Amino acid sequence: MKIQRRIRRRPIVSISAMSDIAFLLLIFILLISLINYRREIPIRYPEAETIETTHGDKNLEIWIDPTGATFVQGFRYNITGIEGIIVERIQQNPSLRIHILADRDTPYRYVHGVMEILQRLQHRVVSLVIREKKP
Amino acid sequence: MRISIRRRRGPDIGESGTLSDLAFLLIIFFIVIAVFNVNQGFLLGLPSPDSKRVVQRQDLLRVELTSVGTIRMNGEPITLQDLTKKAFAFRQNRPNMTFALRIDPDTPYQKVVDIVDLVRTLDVDNFSFSMETVR
């Protein structure tokens with residue numbers, strides 16, 4: 001009697017499942033980056049040598065262009081409007097990190113205006129966003 | 001006689017792993033882009049608006065910034081390099097030094113950042129800055 005031998009198949013790892021996972025990850029990261037979408041105002045960043053990471057868990061960015069115009073999330077506000085936004089956002093999250101992104105040529109009075117609001121609101125910490133000076 | 005034509009099969013896009021490679025490259029791209037959004041700069045602690053501190057006159061280093069960005073130390077114009085040297089010498093003699101900076105409202109923001117950068121390098125505990133018209 002002839003005994004039939006069972007031919008062993010080589011184990012195969014299917015790569016098609018891998019691409020599915022990769023695409024799911026891709027969609028996830030795309031959505032996250034859409035949520036964290038940052039509307040930038042064209043400014044020339046000031047530069048310094050001793051900088052540190054100032055990013056917090058929750059952040060509010062206040063942009064000031066060279067003319068002193070103030071923006072939050074791409075929308076222009078006057079100083080009263082900025083104060084209203086800061087108050088609202090601090091009420092929602094007291095540990096909010098506030099960043100001032102001002103152009104290097106912006107007159108200091110506009111930066112000081114935002115810092116005065118924070119002082120009035122007893123918000124003790126402010127981040128001045130600066131780029132690293134390249135030697 | 002019937003000749004059977006053997007058709008060559010191209011590589012299956014799902015099986016070959018090209019899709020997953022592409023997806024992973026895109027994921028890396030988005031992660032790198034997200035890292036670029038981290039803010040860097042100075043983290044400043046703001047005092048309350050009515051806070052006052054008594055310091056000894058000998059410990060006080062007065063620096064002014066004019067509207068055009070000229071630096072003055074104790075009323076005399078000085079370059080940033082010279083100020084750095086003098087401030088370091090002052091700091092060695094007076095460990096409890098207070099760096100008092102008076103900034104004109106029209107001073108370009110970069111000039112203010114330069115001085116704050118210097119103060120951070122000096123590692124001074126007492127740093128006060130105010131906005132006043134500097135003549």
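1. Thr84(B) lies in helix H3 (residues 80–93) of chain B; helices here are DSSP runs of H or I with at least four residues, strands are E runs of at least two, and both are numbered from the N terminus. At 25% relative accessibility, Thr84(B) counts as partly exposed, because buried means under 20% relative accessible area, exposed over 50% and partly exposed in between (1.4 Å probe, protein chains only). The C-alpha atoms of Thr84(B) and Arg135(B) are separated by 23 Å, and the two residues are 51 apart along the chain.

2. On conventions: this is a predicted model, in which local features need pLDDT of at least 70, side-chain atom pairs count only at pLDDT 80 or more, and totals for chains, interfaces and linings use all residues. Residues are numbered from 1 along each chain as its sequence is written, chains are lettered from A and ligands numbered from 1 in the order in which they are written, and side-chain values use heavy atoms, with hydrogens and water left out.

3. Chain B has 4 helices and 6 strands, in the sequence pattern α-α-β-β-β-β-α-β-α-β. Of its 135 residues, 36% are buried.

4. Strand S5 of chain B has 5 of its 6 residues buried, so S5(B) is largely enclosed by the rest of the structure. S5(B) pairs with strand S2 (residues 60–65) of chain B in the parallel sense over 6 bridges; two strands count as paired if DSSP finds at least two bridges between them. In that pairing, Leu61(B) stands opposite Phe99(B). S5(B) also runs parallel to S6(B), joined by 6 bridges, and Thr98(B) has Asn126(B) in S6(B) as its bridge partner.

5. The count of aromatic pairs is 2 over all chains. Phe99(B) and Phe127(B) have ring centres 5.9 Å apart and planes at 65 degrees, so this pair is edge-to-face. The rule takes rings of Phe, Tyr and Trp (its six-membered ring) with centres within 6.5 Å; planes under 30 degrees apart are stacked, over 60 edge-to-face and the rest tilted. Phe99(B) is in strand S5 (residues 98–103) and Phe127(B) in strand S6 (residues 126–131), 28 residues apart. Phe99(B) is buried at 0% relative accessibility, whereas Phe127(B) is partly exposed at 22%. Together with Phe129(B), these two residues form one aromatic cluster.

6. An open sheet of 7 strands draws on both chains, with the order S2(A)-S1(B)-S7(A)-S6(A)-S3(A)-S4(A)-S5(A) and mixed pairing. Its edge strands, each paired on one side only, are S2 (52–53) and S5 (75–77) of chain A. S2(A) pairs with strand S1 (residues 40–45) of chain B in the antiparallel sense over 2 bridges, and Thr53(A) stands opposite Gln40(B).

7. The structure holds 9 salt bridges over all chains, each defined as a side-chain nitrogen of Lys or Arg within 4 Å of a carboxyl oxygen of Asp or Glu. Asp105(A) bridges to Arg44(A), with the closest N and O atoms 2.5 Å apart. Asp105(A) is in the loop between strand S6 (97–102) and helix H3 (108–120) of chain A, and Arg44(A) in the loop between H1 and strand S1 (47–48) of chain A, so the pair ties together parts 61 residues apart in sequence. Asp105(A) is partly exposed at 41%, as is Arg44(A) at 44%.

8. Arg104(A) and Glu47(A) form another salt bridge, with a closest N and O distance of 3.8 Å. Glu83(A) and Arg120(A) meet at 3.1 Å, N to O; Glu83(A) is in helix H2 (residues 79–92) and Arg120(A) in helix H3 of chain A, 37 residues apart. In chain B, Glu64(B), Arg72(B), Arg102(B) and Glu132(B) are linked in a network of salt bridges.

9. The charged end of Arg131(A) sits over the ring of Tyr45(A), 3.8 Å from its centre. The criterion is NZ of Lys or CZ of Arg within 6 Å of the ring centre and within 35 degrees of the ring normal.

10. A nonpolar surface patch of about 660 Å² is made by Met18(A), Ile21(A), Leu25(A), Phe28(A), Ile32(A), Ile35(A) and Phe24(B). Patches are made of residues with over 30% relative accessible area and no salt bridge, nonpolar side chains (Val, Leu, Ile, Met, Phe, Trp, Tyr) being joined within 5 Å and like charges within 9 Å; accessible areas come from the Shrake-Rupley method with a 1.4 Å probe. Helix H1 (residues 16–35) of chain A gives the most, with 6 residues. One of the patch residues, Ile21(A), is partly exposed at 49% relative accessibility.
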